[in-house]
Amino acid sequence: MQHSQSESVPHSHAPHNLETIIPPWVSMFRSAFPTATVGPETLTSTQLSSQNLPSYPFTLSTVSLTDYTDDTTAERKTLIRPHARTCMFRGFAISANSGILSVTTDKRMPKFAQLSSTKTPGIFEACFYFPQNNKQFRFAGRSKLVYLSSSQQVILHDAAEGKVEAASSEVEAEFYKAWDSLSPMMRLSFCKPSPGSELTMERWEVLENIEKATDETKAGAPVAPELLEEGKQNFVLILLGPETVDYVDVEGIGQRILFTRANEYEWEFHEICP
Ligand SMILES: Cc1cc2nc3c(=O)[nH]c(=O)nc-3n(C[C@H](O)[C@H](O)[C@H](O)COP(=O)(O)O)c2cc1C
């Protein structure tokens, strides 16, 4: 069922500049969050809509394409693999209703290579499930990566466009906001040995030292600035830009709506069978 207007379903807008766009799925997504588990305090839905969303775990999927030679036929082949993992949603980036999902990660993790690869540039799927109300939001689209260059410049890496350039002041502010919002313990985690590397005695000692520094931080000691600088080099802000949003409510007869980004300024949506 195609929608232009509906009582129960939000409708898309065509404002004149990007900053004023609120994707039509944003209010539904906001209202799916469990108000009872929003941080230390319970927030009303009005409070929720006037501020950014709380951290929430979701499944982030990426893809890898690896060329190899078949041992028996000597043919060149490509191994296509999906990769799914749990990540923390860290609210919308840039503005409270932008619809750009923020996630943080470590430059040394395979998902960074998958999202920056020219073969699978920025491709992601992100799946949120809200067990309290049986709603699921499945986002698919392209992501951009924000991180520090070796000369400490904040870089915006848009693999889909094949661009690596200095971030705008707005994106740069978002990068530092994300880093500053991490607890000292989380910041220290970016100093750990390369994630996924073999656990040797040497690396075990590094992990123990980081654990010790974490405990000292909890007891009120400041984190050594050189450690923080090292961690910041590995820190990456992922900006997930959905191009489609597949919403499903499996209560009763159910409801499923497919939202599609039509262009820079507009979203279209229609109801499909759940
Ligand atoms: C509750 C939870 C939250 C997590 N949040 C993140 C996150 O925000 N970012 C991240 O990179 N990894 C996060 N992880 C770890 C990932 O699931 C994964 O193990 C790690 O990122 C390595 O993934 P990769 O090897 O596919 O890159 C989280 C794991 C759990 C269990």
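A disulfide is a covalent bond between the sulfur atoms of two cysteines. The structure above, a predicted model, holds zero of them. Two cysteines are still worth a look for their surroundings. Cys 191 has a relative accessibility of 6% and counts as buried, whereas Cys 273 is exposed, its relative accessible area being 67%.

Let's turn to charge on the surface. Glu 202, Glu 205, Glu 208, Glu 211, Asp 215 and Glu 216 together form a negative surface patch. One of these residues, Glu 205, sits in helix α6, which spans residues 201–218. Glu 205 has a relative accessible area of 44%, so it is classed as partly exposed.

Helix α1 offers a contrasting setting. This helix covers residues 26–32 and includes Ala 32. Ala 32 is buried, with 0% relative accessible area. The C-alpha atom of Ala 32 lies 8.5 Å from that of Gln 132, although 100 residues separate the two along the chain.

Finally, here are two loop residues with notable backbone angles. Ile 94 has a positive phi without being a glycine, and the same description fits Gln 152. Ile 94 belongs to the loop joining β2 (76–89) and β3 (101–106), while Gln 152 belongs to the loop joining β5 (135–148) and β6 (154–158). Their values are set out here.

| Residue | Phi | Relative accessible area |
|---|---|---|
| Ile 94 | near 75 degrees | 32%, partly exposed |
| Gln 152 | about 70 degrees | 39%, partly exposed |

Terms used:
Residues numbered from 1 in each chain as written. Predicted model: local features only at pLDDT ≥ 70, side-chain atom pairs only at ≥ 80, totals over all residues. Heavy atoms only, no water. Patch = residues over 30% accessible without salt bridge, like charges linked within 9 Å, V, L, I, M, F, W, Y side chains within 5 Å. Areas by Shrake-Rupley, 256 points an atom, 1.4 Å probe, with all protein chains shown as cover. Salt bridge = Lys/Arg side-chain N within 4 Å of Asp/Glu carboxyl O. Lys, Arg positive; Asp, Glu negative; His and termini not counted. Charge placed at Lys NZ, Arg CZ, Asp CG, Glu CD. Helix = DSSP H or I, 4+ residues; strand = E, 2+ residues; numbered from the N terminus. Buried < 20%, exposed > 50% of the residue type's maximum accessible area, 1.4 Å probe, protein only. Disulfide = S-S within 2.5 Å.
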